[in-house]
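Student: I'd like to learn how to read helix packing, burial and ring pairs from a model. Can you walk me through it?

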Amino acid sequence: MANDMQVQEGEKPVFYLTEDHHPEGSTNLGFWLYLMSDCLIFAVLFATHGVLGRNYAAGPSPADLFDLPLVAINTAMLLFSSITYGFAMLQMERNAKAETLFWLAVTGLFGAAFLGLELYEFAHLIHEGAGPGRSAFLSSFFTLVGTHGLHVTFGIVWLITLMVQVSKHGLIAENRRRLMCLSMFWHFLDVIWIGVFSFVYLMGVLG
Amino acid sequence: MSSHPHAPAREDAANTHHGHGHEAGHGSLKGYMIGFGLSVILTAIPFVLVMAGTFDSKLLTAFLVMALAVVQIVVHMVYFLHMNPRSEGGWTMMALIFTLVIVGITLAGSLWVMHHLNANMMPMSPEMMKNMP
């Protein structure tokens, strides 16, 4: 209505676009919605494992296959990477670029250690003849844990990208927003891993 | 008559948006350390329960493992993901609740339906199983 009036008065029409005032305000919510959709992917994979997790096809069961001390170390790696990412965010708040980069690097190393242990476990299982084609249990196991591992892989790629960005451009508003999104992604993956080690490994070994 | 009746309103809107933009998700060192400590404890207990076989009852152990997992997920949400009912005007919490409902339907529905499907299958003898294609 106001615009019509101004056009009639022969002025240049003015549009009140408030979008460009808060580019970061909606990013967090949008990224959170993405994480929730990702959560649904994992819910479906968990449900699949819940249905197929006892179908061993006369093959090895979780108690035969899973090495719980290794899983415990794996869990510790991911938990350490979560807290070190928290330290990186705290350093970002203090505007300390070098410290932020240091803690991001530590996070990346813990993430890589997690991934290395998981790949070792997968290689070990496949070498023992317990590959994804052995039984329905192993198919759903490899799909669920593999999807989580793939997320961690892309998280590390994203982390390295952001480390390059921060070292080149510093802790500018754009990089802060990106680090915030990766923070949510990284902690979300740790939340999913809680479900994996409880439901897949511990409950599996329990029988 | 004023030629810019909406100008003050626009400023107000911009101010409130700026006020909201920075409140989401900032932790403190204390918060992270509390979350980390709780997570370590909540991870160690289920591993010890299963690896040492503390309880004879599998059902009790399974219940404890899943209950501790739920508690730890809440701890991560609060101390690491900084969830609170006020961030983004409550919309993150709304999205989370909606997702939890869908996740609950997916998990419970799948297990329920597939369990009944299994239970209603024709019983098979080992000989029939052997002759299966």
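Student: How is the crossing of α6(A) and α7(A) handed, left or right?

Tutor: The crossing of α6(A) and α7(A) is left-handed. Keep in mind that this is a predicted model. For packing you look at an angle and an axis distance, and here α6(A) and α7(A) pack at about 160° with axes 10 Å apart.

Student: Why do α6(A) and α7(A) count as roughly antiparallel?

Tutor: Angles over 145 degrees count as roughly antiparallel. The angle between α6(A) and α7(A) is about 160°, and therefore the two are roughly antiparallel to each other. As for who takes part, the contact of α6(A) with α7(A) has 20 nonpolar, 6 polar and 1 charged residues.

Student: At what angle do α2 and α6 of chain A pack, and how far apart are their axes?

Tutor: Helix α2 (residues 27-52) of chain A packs against α6(A) at about 160°, and the axes are 7 Å apart. By that angle rule α2(A) and α6(A) are therefore roughly antiparallel to each other, and their crossing is left-handed. On the α2(A) side the contact residues include Phe42(A), Thr48(A), His49(A) and Leu52(A). On the α6(A) side, Ser140(A), Phe141(A), Leu144(A) and His148(A) are among them. By class, the contact of α2(A) with α6(A) has 11 nonpolar, 7 polar and 1 charged residues.

Student: Let's zoom in on one residue. Is Ser140(A) buried or exposed?

Tutor: For burial you check the relative accessible area, and under 20% means buried. Ser140(A) comes in at 6%, so it counts as buried. This serine sits in helix α6 (residues 136-169) of chain A. Not counting residues up to four places away in sequence, Ser140(A) touches Thr48(A), His49(A) and Leu52(A). Those three also belong to the α2(A) side of the helix contact.

Student: And how far is the C-alpha atom of Ser140(A) from that of Met163(A)?

Tutor: They are 35 Å apart, with the two positions 23 residues apart along the chain. Now set that beside Phe197(A) and Ala72(A): they are 125 residues apart along the chain, and their C-alpha atoms are separated by 8.5 Å.

Student: Which residues is Phe197(A) in contact with, leaving aside its neighbours within four places in sequence?

Tutor: In chain A, Phe197(A) is in contact with Val71(A), Thr75(A) and Leu202(A). Across in chain B, the partners are Thr43(B), Pro46(B), Phe47(B) and Gln72(B). Phe197(A) lies in helix α7 of chain A and, at 1% relative accessibility, counts as buried.

Student: Where is His148(A), and what is it in contact with?

Tutor: His148(A) is in helix α6 of chain A. Its relative accessible area is 0%, so this histidine is buried. Setting aside neighbours within four places in sequence, His148(A) is in contact with Phe42(A), Leu78(A), Phe114(A), Leu189(A), Ile192(A) and Trp193(A).

Student: On to the rings. How many aromatic pairs are there over all chains?

Tutor: The count comes to 21 aromatic pairs over all chains. Take Phe80(A) and Phe110(A): the ring centres are 5.4 Å apart and the planes are at 25°, so the pair is stacked. This pair links distant parts of the chain, with Phe80(A) in helix α4 (residues 68-93) and Phe110(A) in helix α5 (residues 97-127), 30 residues apart. Phe80(A) is partly exposed at 35% relative accessibility, and Phe110(A) is partly exposed too, with a relative accessible area of 23%.

Student: Then how do Phe114(A) and Trp193(A) pair?

Tutor: Edge-to-face, at 4.9 Å centre to centre and 90° between the planes. Phe114(A) is in helix α5 and Trp193(A) in helix α7 (residues 173-206) of chain A, so the pair ties together parts 79 residues apart in sequence. Both Phe114(A) and Trp193(A) are buried. They also sit in one aromatic cluster, whose other members include Tyr56(A), Phe66(A), Phe122(A) and Tyr201(A).

Student: And chain A as a whole, how many helices and strands does it have?

Tutor: Chain A has 7 helices and 0 strands. Of its 207 residues, 51% count as buried. Among contacts in chain A between residues at least 6 apart in sequence, 79% join residues at least 24 apart.

Key. Residues numbered from 1 in each chain as written. Chains lettered and ligands numbered in written order. Predicted model: local features only at pLDDT ≥ 70, side-chain atom pairs only at ≥ 80, totals over all residues. Heavy atoms only, no water. Helix = DSSP H or I, 4+ residues; strand = E, 2+ residues; numbered from the N terminus. Buried < 20%, exposed > 50% of the residue type's maximum accessible area, 1.4 Å probe, protein only. Contact = heavy atoms within 4.5 Å. Phe/Tyr/Trp six-rings, centres within 6.5 Å; stacked < 30°, edge-to-face > 60°. Axes fitted to C-alpha atoms, helices over the stretch in contact; angles between N-to-C directions. Parallel < 35°, antiparallel > 145°, perpendicular 65-115°, else oblique. Left-handed = near helix turned anticlockwise from the far one by under 90°. Nonpolar A, V, L, I, M, F, W, Y, C, P; charged D, E, K, R; others polar.
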